[in-house]
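Me: I am new to this structure and would like to learn how to read it one feature at a time. Could you take me through it slowly?

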2 protein chains.
Amino acid sequence: MGRRRAIAKGQTILWQGETASAVANVLSGTVKLSATTADGREQILGIVGAGGFIGRIDDKASAFSAIALNPVEICLFPRSAFVAMAEHHPEVGAALLERALADLDRARRWLLMIGRGTAIERVAALLVDFAGESTSTRHAFPLSRGQMADLAGLTIETVSRQLGKIKSAGLIAMPSRDIFEIRDMETLRAIAGEQPGNRPH
Amino acid sequence: MGRRRAIAKGQTILWQGETASAVANVLSGTVKLSATTADGREQILGIVGAGGFIGRIDDKASAFSAIALNPVEICLFPRSAFVAMAEHHPEVGAALLERALADLDRARRWLLMIGRGTAIERVAALLVDFAGESTSTRHAFPLSRGQMADLAGLTIETVSRQLGKIKSAGLIAMPSRDIFEIRDMETLRAIAGEQPGNRPH
DNA sequence: CGACCAGTTGAGGTGGTTCAAACTTAGTGG
DNA sequence: CCACTAAGTTTGAACCACCTCAACTGGTCG
């Protein structure tokens, strides 16, 4: 049930300020939630992957936009149908609640990082996050420098410089500019100020 | 149902890093959710008032502490009982979901403010929030300068200086140090960068 | 080859922090 | 009623992390 829809990379699914009458489920791909201040500064507020939920349950205006970072498939529901389903199928509602609380947790952890972390701490946190639970040491950057900057609340230049610092400290290697290899995960986590399980997305 | 419990001002209800086996509902009073970095910098992640929910549904460690800002009454449930109730009573689950999504919204709005806002914008946003929907122009600061700083991701000194600036610009008056009167709400909202409905808590 | 785009590097400016001192206010006891 | 204290706040000066602006580099695609 719901209408399936393909979204091209870079296309906006939901506009900041819009009051959407539909909600969506992400089937595949990655979506960024980002807001822009009146004078054009952008901040990424969250990243939604497969299984994630986009939209509002009430009819208020959205505080942020949802934009596809790569080709995305979503499943659209009218809001009323969605709410009804959540109320009649407890297991759906419970899953939704669980996800909302997990998202809330991530948003709050990120809030600490942005509010109190230095530039190098934020960039280290991004790297730790990109590495995820994966055992392999080699990774591609899933985000451009600009997107990393918008996520960390920094500028492109600062992100680039901090990556340089981390590289020359021997914590990572960067064989090409969109690939990094973790050399010292322990120190990296320490810089990121990682309490166990500190993953923004 | 659940055990009722009175908490004194300043007492910690939930410790950062703790894995609590109980969740709580706030009956009265105000609780701050705050996290502290390894080197002692604190960031308030959220404010929970009456009707709010504290705790985790899973058994992971909490990323933040919950501390009473004033005398608080809470109602404690074992986590399992709470989860069961949410699953068997759809309307409870729905209410919980609604609140979680609202909290998520506030956290994300605050993330934008913290990530991209200047000091004066953050302080103005606090004032607008304190004023709330109230029609009266005179208000008491519900938080100390230090708490405002921890909430805005600034230092006490910066909060004090920005308040001074806002005062001498004639946007507010401060007849005593814990009372303020709004003189120019429109400009204040404009500085806060308020998209309609931009309230962090 | 040349244009373009993302990323890097450099130099200088600035907003917010840090450290320190003065001030205010409420509470306490002589 | 007046020190005296203690906690919170304000103010000042110097510093530094990050931003801004600008030039440069290295890939990629026509």
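Me: How are H1(A) and H2(A) oriented to each other, parallel or perpendicular?

Reply: Please keep in mind that this is a predicted model. To read a pair of helices, one compares the directions of their axes, and an angle of 65 to 115 degrees counts as roughly perpendicular. Here the axes of helix H1 (residues 79-88) of chain A and helix H2 (residues 90-116) of chain A cross at roughly 105° and come within 5 Å, and H1(A) and H2(A) are therefore roughly perpendicular to each other.

Me: Which residues in H1(A) and H2(A) meet?

Reply: From H1(A) come A:Phe82, A:Met85, A:Ala86 and A:His88, and they meet A:Pro90, A:Val92, A:Gly93 and A:Leu96 in H2(A). By class, the residues of this contact between H1(A) and H2(A) comprise 6 nonpolar and 2 polar, with no charged.

Me: How many residues surround DNA strand D, and which are the closest?

Reply: There are 17 residues around DNA strand D, and the closest are A:Ala119, A:Glu157, A:Thr158, B:Arg145 and B:Ser160. Of the atoms of DNA strand D that come within 4 Å of the protein, 62% belong to sugar and phosphate.

Me: Which part of DNA strand D lies 3.0 Å from a polar side-chain atom of A:Glu157?

Reply: For A:Glu157 the partner is a base nitrogen, whereas for A:Arg161 a base oxygen of DNA strand D lies 3.0 Å from a polar side-chain atom. A polar side-chain atom of A:Thr158, in turn, lies 2.4 Å from a phosphate oxygen of DNA strand D.

Me: Which element gives the most to the surface near DNA strand D?

Reply: That is H5(B), with 4 residues, and the surface as a whole has 4 nonpolar, 7 polar and 6 charged residues.

Notes:
Residues numbered from 1 in each chain as written. Chains lettered and ligands numbered in written order. Predicted model: local features only at pLDDT ≥ 70, side-chain atom pairs only at ≥ 80, totals over all residues. Heavy atoms only, no water. Axes fitted to C-alpha atoms, helices over the stretch in contact; angles between N-to-C directions. Helix = DSSP H or I, 4+ residues; strand = E, 2+ residues; numbered from the N terminus. Parallel < 35°, antiparallel > 145°, perpendicular 65-115°, else oblique. Contact = heavy atoms within 4.5 Å. Nonpolar A, V, L, I, M, F, W, Y, C, P; charged D, E, K, R; others polar. Near = heavy atom within 4 Å. Polar contact = N/O pair within 3.5 Å; in protein donor to acceptor, adjacent residues only side chain to side chain.
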